[in-house]
Amino acid sequence: MSKKMIITLSMCALCLEGSVKNGKTVYEVNCANCHSINMSGGMGKDFNLVSYERTKEEIKTYAQNPSGNFRKFGYSSNAMPQFNITDEEAHDVAEYIDSLQPFKKWMKKH
Ligand code: HEC
């Protein structure tokens, strides 16, 4: 592997780590009232489960527009509110939820 490639890869690992960290804050501020992690309660689905069942893209999509996507996600009604979060915050919270299941890429989804 070339030196340039190693540098690029390690920078990317750093930026991913930053997203996950920021995403955890976005979660704590906006989502934790309803969505638990590790089955600690709440009305929304546990994010550990969501991490198994959904792709990063799906999670970001739902975080940005629940009312426009609840039917596609298999719900008959929508109780999750619309958030005023930036595209970056939605991206980061999806990275954070996705990171809860590091082995999911080896598991079959749906
Ligand atoms: C007021 C409670 C509430 C808050 C706060 C909330 N949610 Fe939800 N969420 C729900 C409920 C209830 C559902 C089930 C579908 C619906 O009602 O829209 C849901 C569904 C979801 C789903 C789809 C789950 C699946 O796999 O079927 C995702 C993804 C999700 N929420 C992400 C988030 C994120 C990210 C945040 C924070 C930015 C958040 N939610 C904040 C209540 C909430």
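Quick definition before we look around: Ala, Val, Leu, Ile, Met, Phe, Trp, Tyr, Cys and Pro count as nonpolar, Asp, Glu, Lys and Arg as charged, and the others, Gly among them, as polar. Keep in mind that this is a predicted model.

**View 1. The lining of the largest cavity, sorted by class.** Here you can try out that definition: the lining has 7 nonpolar residues, 1 polar residue and no charged ones. The residues to find are Val26, Asn30, Cys31, Ala63, Met80, Phe83, Ile85 and Val93. Helix α1 gives the largest share of this lining, with 3 residues. The volume of the largest cavity is about 40 Å³, and the count of cavities of 30 Å³ or more comes to 1.

**View 2. The iron atom of the ligand and its protein donors.** From the protein, His35 offers its NE2 atom and Met80 its SD atom, and these lie 1.9 to 2.1 Å from the iron. Along the chain, the pair sits 45 residues apart: histidine 35 is in the loop between α1 (3-31) and α2 (47-53), while methionine 80 is in the loop between α4 (66-69) and α5 (87-98). The arrangement around the iron is octahedral because its 6 donor atoms subtend angles of 86 to 179 degrees. For comparison, ideal angles for six octahedral donors are 90 or 180 degrees.

**View 3. How much of each protein donor is exposed.** Histidine 35 has 14% relative accessibility, so it counts as buried; the cut-off for that is under 20%. Methionine 80 comes in at 23%, so it counts as partly exposed. You've met Met80 already: besides giving its SD atom to the iron, Met80 helps line the largest cavity.

Key:
Residues numbered from 1 in each chain as written. Predicted model: local features only at pLDDT ≥ 70, side-chain atom pairs only at ≥ 80, totals over all residues. Heavy atoms only, no water. Donors = N, O, S within 2.8 Å, 3.2 Å for Na, K, Ca; no water. Tetrahedral: all angles 85-135°; square planar, octahedral: opposite > 155°, others 65-115°. Helix = DSSP H or I, 4+ residues; strand = E, 2+ residues; numbered from the N terminus. Buried < 20%, exposed > 50% of the residue type's maximum accessible area, 1.4 Å probe, protein only. 1 Å grid on protein atoms, 1.4 Å probe; cavity = no way out; pocket = protein on both sides within 12 Å on 5 of 7 lines; lining within 4 Å. Points joined across faces, edges and corners; volume = space filled by probe spheres on them.
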